[in-house]
Amino acid sequence: MVTTTLLVVRHAQTDGNLARIFQGQIDRELSEAGKCQLELLTNRFKTMTIHAIYTSPLPRAVKTAKAIAVAQPVPVMLDDRLMEINAGKFEGRRWDVLPQLYPVEFALWRDDLGRFHAPGGESCAAVYDRMRCAALSIAKRHKGQIVAVVSHGCAIKNLLCWASGFALERIMDVPWVENTSISRIEIDEQENPHIAFINDTAHLDGIELPRPVYWEGKR
């Protein structure tokens, strides 16, 4: 059976991550830790073979994709479906003010993400659908190959929910992944996904990097 492998990578850390700002589809510069992560990610991919790289067009993701391409000089292709959730009025806000400004929506984000719909923005259901469609179309185009896919925290959580065989209602059972982590999804010819591993950060082992704190100690 022919299987296509997606190596799903979350973008490197940004100063917005450290400042506890909800970024969504706005962008911030990479933090110093993020730049270090990219060097380590490049070294990690030197030990791999990949045939293509797909990335969200947001700059933090493109920079991450280009770091992979340093190690593996293959085409880098932009795909809007890999973008982070359009979080509407959440975007650019600090995490600690969101519960006061949007208590209902924030409670869903924190406790029942599958039902979340950003005020003035996108629903989690829409992200789930577009990430699934992106994964399947990439797998179809690169049948039997290994492809790096660079995206974002909420978008990847939705993708892993689908790849786990879960309906969106079970997205809270799926972990958040770290910056520059790698998750491996294998998709067979019948378009059935299988997760080999999630949130592999072996390339960061032993490196002390500042990590963002989100809300109430939760990710």
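Here a biologist and a modeller talk through a predicted model, one question at a time.

Biologist: Let's start with the sheet: in what order do the six strands of the open sheet stand?

Modeller: The sheet is open and its pairing is mixed. Strands E3 (76-78) and E6 stand at the edges with a single partner strand each, so one side of each has no neighbour in the sheet. From one strand to the next, the twist averages 20°. Reading across, the order is E3-E2-E4-E1-E5-E6.

Biologist: Which residue is the bridge partner of threonine 55 in E3?

Modeller: Strand E2 (residues 52-55) pairs with E3 in the parallel sense, over three bridges. Threonine 55 takes part in this pairing, and its bridge partner in E3 is leucine 78.

Biologist: Which helix packs on the sheet and touches E1, E4, strand E5 (182-188) and E6?

Modeller: Two helices are worth looking at here. Helix H3 (residues 59-71) lies across strand E1 (3-10), E2, E3 and strand E4 (146-151), and runs at about 170° to E2. The helix you want makes about 145° with the direction of E6, and it is H7 (residues 153-163).

Biologist: Now for charged pairs: which residue forms a salt bridge with arginine 28?

Modeller: The whole structure has 13 salt bridges, and in this one the closest N and O atoms are 3.0 Å apart. Arginine 28 sits in the loop between H1 and H2 while its partner is in helix H1, so the pair ties together parts that are 13 residues apart in sequence. Arginine 28 is partly exposed, at 29% relative accessibility. The partner is aspartate 15.

Biologist: Are arginine 44 and aspartate 200 buried or exposed?

Modeller: Their side chains meet in a salt bridge, at 2.8 Å from N to O. Arginine 44 belongs to helix H2 and aspartate 200 to strand E6, so this pair links distant parts of the chain, 156 residues apart. Buried means under 20% relative accessible area, and both arginine 44 and aspartate 200 are buried.

Biologist: About how many helical turns separate arginine 132 and aspartate 129?

Modeller: These two form a salt bridge, with the closest N and O atoms 3.8 Å apart. Both are in helix H6 (residues 124-141), and because they are three residues apart there, the separation is about one helical turn.

Biologist: One last puzzle: what is the phi of asparagine 199?

Modeller: Most residues other than glycine have a negative phi. Asparagine 199, found in strand E6 (residues 193-200), is not a glycine, yet its phi is positive, at about 65°.

How values were computed
Residues numbered from 1 in each chain as written. Predicted model: local features only at pLDDT ≥ 70, side-chain atom pairs only at ≥ 80, totals over all residues. Heavy atoms only, no water. Helix = DSSP H or I, 4+ residues; strand = E, 2+ residues; numbered from the N terminus. Pairing = 2+ DSSP bridges. Axes fitted to C-alpha atoms, helices over the stretch in contact; angles between N-to-C directions. Contact = heavy atoms within 4.5 Å. Salt bridge = Lys/Arg side-chain N within 4 Å of Asp/Glu carboxyl O. Buried < 20%, exposed > 50% of the residue type's maximum accessible area, 1.4 Å probe, protein only.
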